[in-house]
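Visitor: I would love a friendly tour of this structure. Could you take my questions one at a time?

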Amino acid sequence: MNYSQEDDRKNDNSQIQRSKQPNTVANNNETVIVLNETCRESKILDESTERENDNQRKEFVVVTLNDKCNDSVNKDNEQIEKRNEFQVTGKDRNVTTTWVQFNKIYGKSLPHFGGFGGADGGGGYGGSPMDYDPASRNYFVKFVFMVLLIMLLITAGFAVMVLVTPGLKEFYLRAGLFMMIISMGILIAMNYVMVCSACARVPPCNFICLVIVLVAMSNLVAAITVRYKTHIVVMAFVATAITVGLCILLACTKFDFTQWYIYIVVIAMVFAAVAMVASIAMMVLHVKLKPLMLVLLIVGTLIQVIVLIMELQMILGGRSIEIGEDDYALAAYMLYTSIVDIFLHLVQIFGMLDE
């Protein structure tokens, strides 16, 4: 009896185990399906997370670049505001006008002399509008005044040599008119070259132009001063030095003379036409009207003084009109011719007053 009961029990257990096996397999299949779905969802979640991270990175990069661009623009604007002096009238502002002619030749930037401002400074812009820092502008001003001083010293030395050398003095007394006509013709031609030609902005051509101007102007000074007494020439020299010093002081004031440049140019052209007509009339009629000549010389000197002040302000910068830093030869030419012209006017004025 006991054995039969044990056998029945074993049979029941085996049947129970068989009945449980299909349920276990089904459970395993369900577990695998759940795991697969979980993995798929996790992958989808990871992909969406990566996309969001990428978008955030891109947005961060764009924002960073925009911030950098805005910072650079703000810095440039601050530099421009520090560099330029604006005249504010209500809501209007007069922005600085830059004189930069022929800064590009045949699509290429001009060769730059002296490296004004360095690679990042304002001077080395090679054809762009005026973008300079004070250091580069100061170097430009120093270089222009150095060239001007050399030219003035050579002209003064040549005039003194003619005055103290009897042979040269006699030659200029005999052929003075012919030498003046030649010199004035050369100066008129070189004035066109310096102002309107790109050659005057490319070394060494610009220095060659300056040498030609120096020779012609020195010859003209010698031909004029040789006809006057020595003390008159000395007085004119001292008066010119004082006048130039006053012009420099006026150029350093806050008043902007360059904003009236167009009016001064028109007045100078009208005066030149009137003076030319009066001179030709006196030559044709063989009449020498000293009062009229004296008035013309005084008015011409005053106009030239104002022009010199404007030229100094254009070179110093920060005004309505500025000369580009590549135009150092033009700047030296303008100052040199203006100063010598004032000297020649003063020589003639003192000579007439002495007579």
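Visitor: Are D327 and R201 buried or exposed?
Guide: Bear in mind that this is a predicted model. The side chains of D327 and R201 meet in a salt bridge, at 2.8 Å from N to O. Being buried means having under 20% relative accessible area, and both D327 and R201 are buried.

Visitor: How many residues apart are the two partners of that pair, D327 and R201?
Guide: The pair links distant parts of the chain. D327 sits in the loop between strand 6 and helix 9, while R201 sits in the loop between helix 4 and helix 5. Along the chain they are 126 residues apart.

Visitor: Which side chain meets that of K229 in a salt bridge?
Guide: Here the N to O distance is 3.9 Å. This pair, too, links distant parts of the chain, with K229 in the loop between helix 5 and helix 6 and its partner in helix 9, 125 residues apart. The partner counts as partly exposed because its relative accessibility is 39%. The residue you are looking for is D354.

Visitor: Where do E170 and R174 lie?
Guide: The structure holds three salt bridges, and one of them joins the side chains of E170 and R174 at 4.0 Å, N to O. E170 counts as partly exposed because its relative accessibility is 41%, whereas R174, at 61%, counts as exposed. They are four residues apart, about one turn of the helix, and both lie in helix 3 (residues 166–174).

Visitor: Which helix gives the most to the largest nonpolar core?
Guide: That core has 64 residues, and V144, M194, L308, I315 and Y336 touch the most other members. Several elements each supply at least two residues, among them helix 2 (134–164), helix 8 (290–316) and strand 6 (321–323). The most comes from one helix, with 16 residues: helix 9.

Visitor: What is L308 in contact with, leaving aside its neighbours within four places in sequence?
Guide: L308 is among the core residues that touch the most other members. Contact here means heavy atoms within 4.5 Å. With the sequence neighbours left aside, the list reads V244, C247, L335, S338, I339 and I342.

Visitor: Why does W260 count as partly exposed?
Guide: W260 is placed in the loop between helix 6 (230–251) and helix 7 (261–285). Together with F255, I262, Y263, V266, V270 and V274, W260 forms a nonpolar patch on the surface, with about 710 Å² of accessible area together. Partly exposed covers the range between 20% and 50% relative accessible area, and W260 counts as such because its relative accessibility is 43%.

Terms used
Residues are numbered from 1 along each chain as its sequence is written. This is a predicted model: local features need pLDDT of at least 70, side-chain atom pairs count only at pLDDT 80 or more; totals for chains, interfaces and linings use all residues. Side-chain values use heavy atoms; hydrogens and water are left out. Patches are made of residues with over 30% relative accessible area and no salt bridge: like charges are joined within 9 Å, nonpolar side chains (Val, Leu, Ile, Met, Phe, Trp, Tyr) within 5 Å. Accessible areas come from the Shrake-Rupley method with a 1.4 Å probe; for residues, only the protein chains shown count as cover. Buried means under 20% relative accessible area, exposed over 50%, partly exposed in between (1.4 Å probe, protein chains only). A nonpolar core is a set of buried Ala, Val, Leu, Ile, Met, Phe, Trp, Tyr and Cys residues joined through side-chain atoms within 4.5 Å.
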